[in-house]
Amino acid sequence: MNLAGKKIVLGLTGGIACYKAAEFARALVKAGASVQVVMTEAARHFITPVTMQALSGHTVFTDQWDNRVSNNMAHIDLSRDADAIIIAPCSADFMRKLVHGAADDLLSTLCLARPHAVPLLVAPAMNVEMWDKPATQRNVAQLKSDGITLLGPASGDQACGETGLGRMLEPEQLLEALTGFFQPKLLSGKRVLITAGPTFEPIDPVRGVTNLSSGKMGYALARAAHAAGAHVTLVSGPTALAVPLGVTCIPVMTAREMHEAVMSHIGEQSVLIAVAAVADWRVAEVSTQKIKKQAGATPSLQFETNPDILASVAALPSPPFCVGFAAESDDLLAHGAAKRERKNIPLLVGNIGHQTFGKDDNEIVLFDANGHQALPRASKDKLAVTLIAEIARRL
Ligand code: C5P
């Protein structure tokens with residue numbers, strides 16, 4: 001993920017999630033951002049400025065009266081050239097302060113003094129009961145209506161031993177959300193359905209036929225489409241990947257389940273991106289019991305053809321903009337162009353199957369009615385952003 005050249009003010013308020021802020025600062029720096037940390041007094045009970053200084057590479061500001069800024073106006077200076085201010089963790093009390101325009105410490109003052117053009121994002125972190133209280137929820141609604149972006153919280157185990165909503169998002173999720181925040185909103189208001197991953201066609205209750213698709217390209221496209229402002233539905237075969245933040249995921253196993261999920265949601269979509277490596281065939285008769293080994297005998301399986309999901313959608317009377325993927329093993333240029341025409345779709349993305357399955361990067365060729373265009377090898381995340389821009393341009 002790329003935040004090269006971005007100036008980020010990272011505010012820390014009091015909460016045990018400060019330990020995750022250390023890792024978040026590190027991830028921001030790794031993504032190319034320049035990070036200026038500002039800590040409240042409460043935050044300093046959980047983590048020291050020295051730690052945050054070492055990780056961010058800049059001295060940390062904690063005090064409104066800090067005389068390191070020549071005009072003694074740290075609250076003005078720090079926010080003026082920031083690309084974004086992100087408060088992570090943001091305590092319930094700090095949310096209250098933001099709602100009321102408090103200015104009684106450096107962090108709240110610089111939030112209040114920030115120019116309109118500097119976005120403010122907050123990642124709440126608190127106990128589930130604190131999050132659930134009407135007072136907190138009133139503050140959440142007010143922050144949203146004031147144009148402040150809320151990231152999370154997540155649900156799960158809490159440091160206090162309780163379980164529920166209020167956990168701060170993980171550092172990589174915060175990084176993903178912040179990176180997405182800076183993407184141009186090319187698909188704003190559009191609905192995008194993406195199929196991803198392999199399918200699993202059972203033989204018996206414990207065995208099946210599948211392929212080596214990891215789902216990485218489809219999930220990267222889901223992230224990029226969401227970051228571009230689209231409402232994204234991801235119909236995913238079995239993968240080991242986390243569902244991207246803000247994306248609705250419909251998990252499926254078999255090609256027929258994937259077909260059913262896609263067809264029942266396709267009516268409202270502007271775009272279908274069929275990335276899934278759908279099994280072409282399924283086992284005709286699935287055994288309800290585990291097939292027993294018998295000395296000297298091997299089972300023989302009969303197959304039936306699975307529905308072609310992409311072709312079914314492309315054949316609808318008014319289909320969404322359809323994008324297909326082709327994983328070939330040879331002569332990509334000839335096979336890609338022919339497959340695009342056969343599937344009757346406006347855009348097809350070709351790649352060499354065994355060079356992409358499970359990898360973090362890829363080399364792709366785009367086929368449309370005008371010919372083809374090869375894109376240089378890049379990370380799947382980067383290619384996904386390019387591909388979303390190409391789709392948006394053609395819509
Ligand atoms: O024909 P082939 O399987 O090579 O086509 C690949 C493209 O078609 C991919 O976009 C894939 O997601 C889609 N597909 C599908 N349903 C199938 C087979 C492939 O949607 N049963």
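In this predicted model, 13 residues surround the ligand, and those that come nearest are A274, A276, P307, F325 and K339, a residue being counted as near when one of its heavy atoms lies within 4 Å of the molecule. By type, the residues of this shell divide into 8 nonpolar, 1 polar and 4 charged.

Several N or O atoms of the protein lie at short listed distances from the ligand, where a polar contact is a pair of N or O atoms within 3.5 Å. A backbone N or O atom of A274 is placed 2.6 Å from an oxygen atom of the ligand, while a backbone N or O atom of P307 lies 2.8 Å from a ligand nitrogen atom. From K343, a polar side-chain atom lies 3.0 Å from an oxygen atom of the ligand. Of the 450 Å² of accessible area that the ligand has on its own, the protein covers 86% (Shrake-Rupley method, 1.4 Å probe). Two or more residues of the shell are given by each of the elements α11 (309–314), β16 (321–328) and α12 (332–343).

The protein chain as a whole contains 14 helices and 19 strands, assigned as DSSP runs (helices H or I, at least four residues; strands E, at least two) and numbered from the N terminus. Its C-alpha trace spans about 80 × 50 × 40 Å along the principal axes, and buried residues (under 20% relative accessible area, 1.4 Å probe, protein chains only) make up 48% of the 395 residues.

Residues are numbered from 1 along each chain as its sequence is written, and side-chain values use heavy atoms, with hydrogens and water left out. Local features need pLDDT of at least 70 and side-chain atom pairs count only at pLDDT 80 or more, whereas totals for chains, interfaces and linings use all residues.

Methods
Polar contact = N/O pair within 3.5 Å; in protein donor to acceptor, adjacent residues only side chain to side chain. Nonpolar A, V, L, I, M, F, W, Y, C, P; charged D, E, K, R; others polar. Buried < 20%, exposed > 50% of the residue type's maximum accessible area, 1.4 Å probe, protein only.
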